Structures are given as C-alpha cells and as structure tokens.
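Colleague: Please take a close look at one part of this model for me, the place where the ligand sits. I would like the surroundings explained step by step, and then the rest of the chain as background.

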Amino acid sequence: MFNSRIIGLGKYLPDNVVTNDDLAKIMDTSNQWIVERTGINERRHIVKGSDDSPSTMAFKASKIALNRAGIKASELDMILFATLSPDLYFPGSGVLLQELLGISTCPSMDIRMQCSGFIYSIATADQFIKSGMYKNILVVGAENHSGGLDMSSRGRAVSVIFGDGAGAAVLTRENDENFGIKSSHLYSEGKYAKELSLIGPSTQRWVPEIMDANDPNDESYFPFMNGQMVFKHAITRFTEVINEGLKFNNWESKDINLLIPHQANLRISQFVQKKFGLSDSQVFNNIMNYGNTTAASIPIALTEAWEKNKIKPGDKIVLAAFGSGFTWGSTMIVW
Ligand code: ACO
C-alpha cells in the first residue's frame with residue numbers, strides 16, 4: 001500500500017496588476033466596497049494579445065514545480081488539469097500542457113470542478129498513485145477569467161472578484177504511510193448548478209444562437225453568481241467538510257499547522273477561521289493580492305505558503321474548497 005505525496009510546487013501570475021482603483025475607473029465600484037466585502041486589494045489580469053493562457057501559465061508553473069521536485073517532464077505518468085476556463089472548448093487544456101512539456105504520450109485529463117477542481121484533482125491523483133497504477137502525477141489549476149468577465153457596471157458583483165493565474169503540484173509515491181495525502185472528502189450538489197454558472201456558449205446556448213440574437217443586453221455568456229446564496233452555502237459546507245477530515249484522521253483543530261482555504265472571499269476564510277478557533281498563523285490567505293483564481297487558488301496559495309517557509313515536514317495541512325456546482329471538498333495532508 002502506497003501513499004502519495006507532494007514533492008514540488010510552482011505558481012505563475014501574469015505581470016499585469018489590476019487594482020481596485022483601476023476597476024473603479026471603468027465601472028461603478030470603489031476600493032472601499034471591494035475591500036470591505038471581499039478583502040481583495042488587487043488581482044492579475046492577462047494582457048490581451050500576450051502569450052498567457054491557461055495552458056501556457058500552467059506550463060510556467062509546472063516547470064517550477066517539476067524543477068523543485070527534481071523530476072523531468074518525461075518521468076510524469078499523468079497530467080490532471082483543473083480549470084473552468086480552458087484554452088479551447090475542446091480538446092482540454094491538459095493535452096496542450098502535455099505538448100508544451102514535450103511529453104509525446106501520457107494520459108492528460110481536464111477536471112471541470114471549478115473552485116473545487118484542485119481538491120478533486122489531488123484526490124484523483126492520490127487514488128491513481130495508491131492503486132499502484134502511476135508513480136508521478138502533475139496536478140495543475142489554471143484560469144483565464146479576465147477574458148470573459150463583464151467589465152461594465154452591470155457585471156461588477158462578479159468581475160471585481162476574479163483574477164488569472166496558475167499553480168502546479170507534483171505528486172509521487174510515498175512508502176511511509178505516516179506522510180502524504182491522508183484523506184480527501186468530495187461532494188457536489190447539482191441542485192444549485194445555475195446559481196454560479198456560465199450558460200452561453202454551451203450546447204444549451206450555442207454560439208450561432210447568440211450571434212443570431214445579436215442582443216447587446218445578452219448576459220448569458222458572462223458568469224452568473226447568486227453571491228449571497230453561494231456565501232451561505234460556502235460557510236456551511238467548508239465547516240462540514242473540514243470537520244469530516246479532522247474526525248476521519250482523529251485530528252483536532254488545534255493540531256492544524258496550516259489551513260489553506262480556497263480563496264473565494266476573505267470574509268469566508270475569516271468565518272471558517274473563527275468557527276474552528278484557529279489563530280492567524282494557522283490560516284493562509286492571499287486573496288488580497290490575487291483575487292479568486294478558482295481552480296488555481298489553492299495551488300497558488302500552497303506554493304506561496306511553502307515559499308514563505310510556512311510549511312515544514314511533518315506539518316498537518318488542510319486544504320478546503322467550495323464553488324460552482326455546487327461542489328466542495330477537503331484534503332488532509334501530513335507534509
Ligand atoms: N461595487 C459596488 N457595489 C456593488 C458591487 C461592486 N463591485 N457589486 C455589488 N454591489 C452592490 C449591489 O448592487 C448591492 O446594492 P443594493 O444594496 O443597492 O442592491 C450591494 O452592493 C450589496 O450587494 P450584495 O450582492 O448583497 O453583496 P454581498 O455582501 O453579498 O457581496 C459578494 C457580494 C462579494 C459576491 C459575496 O456575496 C460573495 O463573496 N459570495 C460568495 C462568492 C464565492 O464564494 N464564490 C464561490 C467560488 S467562485 C466559483 O466557484 C467560480
């Protein structure tokens with residue numbers, strides 16, 4: 001019986017910093033509103049016409065992760081690519097990343113679980129490694145949100161939140177069962193699919209239909225979010241799924257060395273921190289600088305926490321996410 005373990009992390013953020021004041025110049029919003037409601041100060045947006053895309057950003061993050069893991073791309077047995085904003089409608093971004101990494105053939109799978117995508121991907125990689133089928137798996141999360149947001153005042157409740165970026169983790173086989181991924185806990189509830197969704201373009205609202213309608217008020221190709229409903233479900237599900245992971249492993253909240261919640265809203269992270277009685281040093285947040293980067297948010301935060309020496313061997317690390325679907329999950333790790 002093997003465990004799986006993360007042995008290399010990397011992140012990539014586009015250079016272009018967009019502050020709250022920058023947004024206030026193009027839509028009816030303010031630095032004060034955004035900071036008070038979300039905790040976000042700035043986010044990164046891909047500059048139109050640049051080479052940055054989900055797969056190229058993932059490539060840059062992956063190169064760093066592979067280098068830190070001491071593994072060549074050719075030694076990877078599988079790629080799992082979490083994104084809600086793939087480069088193309090099809091094929092998935094995983095195969096584009098495979099080509100960029102110079103791997104002639106290997107399984108590459110896109111995971112479409114939005115903000116929970118990285119947790120689902122880690123759980124999937126863990127199972128392939130535990131079964132003995134694969135040894136080295138690259139898990140990435142990458143998003144290009146900025147290209148598809150409604151940057152007018154109409155879209156302000158959604159567009160101020162999201163940012164672009166990529167994070168990557170290399171997992172490998174671990175023979176010592178005391179270390180590595182201890183458990184993952186995954187959920188979805190499709191009843192709420194439309195509360196946080198993007199309807200068109202899709203087979204529900206195909207491109208020709210949108211073009212035929214030629215309606216300047218058509219909002220269907222921008223993300224829709226019922227913010228307050230998402231918020232309420234998020235704080236409940238975060239709490240439940242972290243509790244489940246703690247109980248499963250016989251851990252208590254005081255045992256957590258670092259909780260890295262999906263960076264959806266600083267107020268959600270603060271609620272969860274308070275609920276579990278965690279100190280500031282037990283919770284890592286960086287939404288202030290990057291906004292919500294959906295599937296990329298946990299691997300970016302995990303990488304940054306590791307780079308800042310906030311993660312040490314033997315530490316108990318908890319990852320947790322909630323997002324569109326609704327989907328949610330947690331992963332418990334001994335580093
Ligand atoms: N600037 C100024 N005013 C704004 C803005 C803005 N950017 N956006 C909305 N407002 C206004 C609204 O119009 C409303 O005005 P009104 O009272 O006159 O009608 C007022 O501010 C309050 O709006 P609410 O939507 O009630 O604001 P709320 O406090 O709920 O905050 C937010 C909105 C930040 C979106 C919050 O609901 C939230 O974070 N929800 C959860 C997000 C989340 O967790 N998403 C999951 C992950 S994402 C994924 O999976 C893809």
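Modeller: What follows starts at the ligand and then moves out to the rest of the chain. Keep in mind that this is a predicted model.

The shell around the ligand has 27 residues, and the closest of them are T29, R37, C115, Q228 and N265. By type, 14 residues of the shell are nonpolar, nine are polar and four are charged.

Three contacts show how oxygen atoms of the ligand meet the protein. In the side chain of N265, an N or O atom lies 2.6 Å from an oxygen atom of the ligand. For the side chain of R156, the distance between an N or O atom and a ligand oxygen is 3.0 Å. With S324 the partner is a polar atom of the backbone, and a ligand oxygen is 2.9 Å from that atom. Taken on its own, the ligand has 1000 Å² of accessible area, and the protein covers 75% of this area.

Which elements give two or more residues to the shell around the ligand? They are the helices α2 (31–38), α6 (156–159), α8 (227–248) and α9 (266–275), together with the strand β12 (316–323). Helix α8 gives four residues, which is the largest share.

Where does the ligand lie with respect to the two domains? Domain 1 covers residues 3–174 and domain 2 covers residues 180–334. Both domains give residues to the shell, so the ligand lies between them.

Helix α8 is a good place to begin moving outward. G227 belongs to this helix. With a relative accessible area of 34%, G227 is partly exposed, because that value falls between the limits of 20% for buried and 50% for exposed. From G227 to V17 the C-alpha distance is 24 Å, and the two residues are 210 positions apart in sequence.

H185 sits in strand β8, which runs over residues 180–188. Is H185 buried or exposed? Its relative accessibility is 6%, so H185 counts as buried. The side chain of H185 makes a polar contact with the side chain of E244 at 3.2 Å. A further polar contact, at 2.8 Å, joins the side chains of H185 and S183.

E174 can be treated in the same way. This residue is part of strand β7, residues 165–174. The relative accessibility of E174 is 12%, and therefore E174 is also classed as buried. Its side chain reaches the backbone nitrogen of D176, at a distance of 2.9 Å.

Next come some details of the backbone. Most peptide bonds are trans, and most residues other than glycine have a negative phi. One exception on the first count is the bond between F90 and P91, which is cis, with omega about 0°. P91 lies in the loop that links β4 (78–82) to α4 (93–100). Another cis peptide bond leads from G325 to F326, with omega near -10°. F326 is in the loop between β12 and β13 (327–334).

Two asparagines have positive phi values. N214, with phi near 40°, lies in the loop between α7 (207–213) and β10 (224–225). N214 counts as exposed because its relative accessibility is 64%, and the limit for exposed is over 50%. N250 has a phi near 55°, and its place is in the loop between α8 and β11 (258–261). The relative accessible area of N250 is 70%, so N250 is exposed as well.

Last, the chain as a whole. The chain contains eleven helices and 13 strands. Its radius of gyration is 19 Å, close to the 20 Å that the globule rule gives for 335 residues, so the chain is as compact as a globular protein of that length. Along the principal axes, the C-alpha atoms fill a box of roughly 60 × 50 × 35 Å. Of the 335 residues, 56% are buried.

To return to your request, the ligand lies between domain 1 and domain 2, because both give residues to the shell around it. The protein covers 75% of the accessible area that the ligand has on its own.

How values were computed. Residues are numbered from 1 along each chain as its sequence is written. This is a predicted model: local features need pLDDT of at least 70, side-chain atom pairs count only at pLDDT 80 or more; totals for chains, interfaces and linings use all residues. Side-chain values use heavy atoms; hydrogens and water are left out. A residue is near a molecule or strand if one of its heavy atoms lies within 4 Å of it. A polar contact is a pair of N or O atoms within 3.5 Å; within protein, one must be able to donate a hydrogen and the other to accept it, and residues adjacent in sequence count only if both atoms are side-chain atoms. Accessible areas come from the Shrake-Rupley method with a 1.4 Å probe; for residues, only the protein chains shown count as cover. Ala, Val, Leu, Ile, Met, Phe, Trp, Tyr, Cys and Pro count as nonpolar, Asp, Glu, Lys and Arg as charged, and the others, Gly among them, as polar. Domain bounds come from an automatic or database domain assignment. The radius of gyration is taken over C-alpha atoms; the globule rule is 2.2 Å times the number of residues to the power 0.38. Buried means under 20% relative accessible area, exposed over 50%, partly exposed in between (1.4 Å probe, protein chains only).
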